[in-house]
Amino acid sequence: MNAFWHRLKYTVQEDLNSLMDKPRKKENPLALLNQYFLDAQQQTTEIGKLLERQGRLKEELENERQDAELLAMKRRDQLKLAEAAGEYELVSFAKEEVEAYENRVARLSASIQDATQELLSLERKFEEMKHRIKDMRVRQLQLMGKENVTRAQEKMDKFVQPDPIFSTLDDLHSYIENLGSATTARQSHSSMEQRLDSLEKSAKSQDIV
């Protein structure tokens, strides 16, 4: 039982250390944080189950100690009866039983004390890990917001940026003015042509008459 208890304790400890001391790679910060957060959530669930199991093992140790204490008490009472009855073989057997149960109680008590301290230490570290994961989630949301703002600004900058052919606003203004003048000139030219055509048609009509 003790060997299994220690193996389980070290398994939980290694998982906690692995999660809290995971090396950081040079990658996209948000992508790395997202993956790290998913890994942390999964490991939190697994470690939580291990801690629950360790708590149950501690309860089993306590139950074993209680049983040993009851049996030791029973054998002590039987020892008194055997001594009173002069049953020396039973006296010898009862003494051996009492000693065995008392030794078992002592070993179990030491194991329970160690298990209690170890479990408390792991639970404190587990709570620290959960706080770190919560802080990680806050940081994740902050980075996501920053990324959204950056993308929105880039799109807006592309939309409001003038055409590259206009180096300055003055160039843009001059272009618009020239464009307007050219349009007016074309309209004026077309009007003159229409008047000349009309005059020509009128003259031809008079010649015919």
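**Figure 1. Ser-111 in helix 3 of the predicted model.** Ser-111 is buried in this predicted model, with a relative accessible area of 11%. This value lies under the 20% limit that defines a buried residue. Ser-111 is placed in helix 3, which spans residues 88-160. In sequence, Ser-111 and Arg-65 stand 46 residues apart, and their C-alpha atoms are separated by 10.0 Å.

**Figure 2. Overall architecture of the chain.** The chain contains four helices and zero strands. Along the sequence, the elements follow the pattern α-α-α-α. The chain has 209 residues, of which 23% count as buried. Its accessible surface comes to about 16000 Å², and carbon and sulfur atoms contribute 52% of that area. Among contacts with a separation of 6 or more, 83% are made by residues 24 or more positions apart. A search of the whole structure yields six salt bridges, and several of these appear in the views that follow.

**Figure 3. Salt bridge between Glu-62 and Lys-58.** The side chains of Glu-62 and Lys-58 meet in a salt bridge with an N to O distance of 2.8 Å. Both residues belong to helix 2, where four residues, or about one turn of the helix, separate them. The two partners fall into separate accessibility classes: Glu-62 is partly exposed, with a relative accessible area of 29%, whereas Lys-58 counts as buried at 16% relative accessibility. The class boundary is crossed here because buried means under 20% relative accessible area.

**Figure 4. Salt bridge between Glu-97 and Arg-75.** Glu-97 forms a salt bridge with Arg-75, and the closest N and O atoms are 3.0 Å apart. Glu-97 lies in helix 3 and Arg-75 in helix 2, so this pair ties together parts that are 22 residues apart in sequence. Both Glu-97 and Arg-75 are buried.

**Figure 5. Salt bridge between Arg-76 and Glu-102.** A salt bridge joins the side chains of Arg-76 and Glu-102, with an N to O distance of 2.8 Å. Because Arg-76 lies in helix 2 and Glu-102 in helix 3, the pair ties together parts that are 26 residues apart in sequence. Arg-76 is partly exposed, with a relative accessible area of 32%. Glu-102 likewise counts as partly exposed, at 40% relative accessibility. As a general matter, side chains of opposite charge can pair when their charged atoms come close.

**Figure 6. Patch of negative charge on the surface.** Glu-59, Glu-60, Glu-64 and Asp-67 gather in a patch of negative charge on the surface. Membership of such a patch requires over 30% relative accessible area and no salt bridge. Glu-59 is placed in helix 2, which covers residues 29-85. Glu-59 is partly exposed, with a relative accessible area of 48%, and this residue therefore passes the 30% limit for patch members. Glu-60 is also found in helix 2.

**Figure 7. Glu-60 and its spatial relation to Ile-112.** Glu-60, one of the residues of the negative patch, counts as partly exposed at 39% relative accessibility. Patch members must have over 30% relative accessible area, so Glu-60 meets this condition as well. Glu-60 and Ile-112 are 52 residues apart in sequence, while their C-alpha atoms are 9.6 Å apart in space.

Definitions and conventions:
Residues numbered from 1 in each chain as written. Predicted model: local features only at pLDDT ≥ 70, side-chain atom pairs only at ≥ 80, totals over all residues. Heavy atoms only, no water. Patch = residues over 30% accessible without salt bridge, like charges linked within 9 Å, V, L, I, M, F, W, Y side chains within 5 Å. Areas by Shrake-Rupley, 256 points an atom, 1.4 Å probe, with all protein chains shown as cover. Salt bridge = Lys/Arg side-chain N within 4 Å of Asp/Glu carboxyl O. Lys, Arg positive; Asp, Glu negative; His and termini not counted. Charge placed at Lys NZ, Arg CZ, Asp CG, Glu CD. Helix = DSSP H or I, 4+ residues; strand = E, 2+ residues; numbered from the N terminus. Buried < 20%, exposed > 50% of the residue type's maximum accessible area, 1.4 Å probe, protein only. Contact = heavy atoms within 4.5 Å.
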